[in-house]
Number of protein chains: 2
Amino acid sequence: MRFSRQRQVVYQTLQQTDTHPDAQWVYNKVREVLPNISLGTVYRNLNELCCAGMVKRISASDNVERFDARTASHAHFVCRCCGKIDDVFDSNVDVGETHGTVESVEVMVYGVCSECMKGGNYCG
Amino acid sequence: MRFSRQRQVVYQTLQQTDTHPDAQWVYNKVREVLPNISLGTVYRNLNELCCAGMVKRISASDNVERFDARTASHAHFVCRCCGKIDDVFDSNVDVGETHGTVESVEVMVYGVCSECMKGGNYCG
DNA sequence: TCCGTAATTAGTAATGATTACTACTTAATA
DNA sequence: TATTAAGTAGTAATCATTACTAATTACGGA
């Protein structure tokens, strides 16, 4: 993977925020530095960085993919009213006190299923 | 909330599968019983059922919302190759053995953040 | 330092999921 | 049964994301 100027700025931009932004937000932010970058380039680089393990993709039920440059494992608090995503780093914290009213907790285990491992559908 | 024929069939269809389908799959399945139902109706009913707490929405990073009529809390195994979602009911199970290779575990806490609770942005 | 070349980009078009809109229909209640 | 607000079918619109292409560029080797 080459390290183009565009890819650098996309990555740095994501590292400098803790708001778990979507591609459009990253695009707007990066344009302050690279006014001619295209939205497609932002999308492609976010995907490349995800593949490289430098960025994590966050899906939180509002039809928008969000991204996080903090790859250390941590939980997220998602507000279903404003869509905001907070980090929950400390497992001892009372989320209900610190972040808001808790309605449900979802645990998602990501990986490659047995059929795909066997069938050679394994992708990367 | 009224209990229209369409809503009944959408709900029943979702109850009769454990594949965590998306709206299109539900649409195709429901059309076997109600050939004239429209895709918009399926979407609207899935959303209504979510609001009513009878159905859960599952976001798993492939640009499609999936739905689950099993509202009892349980974890999900998501294959990043084929997109399949398995239920993980038994917390004692070795997910790596039973479902596939585990790459990451994400914990999402859903709720309403403090600002929205205070600001009257609370929505339902 | 200069080439060669494959990776990357900008710009635009296409795709695909989801929502919005409207005139018509129907479930549920009095 | 009559009323009526909720629900529906069908279609158009929206919006996030991906695909495509000709031009540009990073980077290893001469």
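A disulfide is here a pair of cysteine sulfur atoms within 2.5 Å, and by this rule the count over all chains of this predicted model comes to 0. Two cysteines of chain B illustrate the result. B:Cys51 takes part in no disulfide, for the nearest cysteine sulfur, that of B:Cys50, is 7.0 Å away; with a relative accessibility of 72%, B:Cys51 counts as exposed. B:Cys116 is likewise in no disulfide, although the nearest cysteine sulfur belongs to the other protein chain, that of A:Cys82 at 3.7 Å. In contrast to an exposed position, B:Cys116 is buried, with a relative accessible area of 5%.

From the cysteines we turn to DNA strand C, which has 20 residues around it, and of these A:Ser4, A:Arg7, A:Thr41, A:Arg44 and B:Tyr43 come nearest. Among the atoms of DNA strand C that come within 4 Å of the protein, 71% belong to sugar and phosphate.

Several contacts in chain A reach the phosphates themselves. A polar side-chain atom of A:Ser4 lies 2.5 Å from a phosphate oxygen of DNA strand C, and a polar side-chain atom of A:Arg7 lies 2.7 Å from a phosphate oxygen of that strand. At A:Ser38 the backbone is involved, with an N or O atom 3.2 Å from a phosphate oxygen of DNA strand C.

Which helices supply at least two residues each of the surface near DNA strand C? They are helix 1 (5-15) and helix 3 (39-51) of chain A, together with helix 3 (39-51) of chain B. By class, this surface near DNA strand C has 9 polar, 6 nonpolar and 5 charged residues.

Notes: Residues are numbered from 1 along each chain as its sequence is written. Chains are lettered from A and ligands numbered from 1 in the order in which they are written. This is a predicted model: local features need pLDDT of at least 70, side-chain atom pairs count only at pLDDT 80 or more; totals for chains, interfaces and linings use all residues. Side-chain values use heavy atoms; hydrogens and water are left out. Buried means under 20% relative accessible area, exposed over 50%, partly exposed in between (1.4 Å probe, protein chains only). A residue is near a molecule or strand if one of its heavy atoms lies within 4 Å of it. A polar contact is a pair of N or O atoms within 3.5 Å; within protein, one must be able to donate a hydrogen and the other to accept it, and residues adjacent in sequence count only if both atoms are side-chain atoms. Helices (H or I, at least four residues) and strands (E, at least two) are DSSP runs, numbered from the N terminus. Ala, Val, Leu, Ile, Met, Phe, Trp, Tyr, Cys and Pro count as nonpolar, Asp, Glu, Lys and Arg as charged, and the others, Gly among them, as polar.
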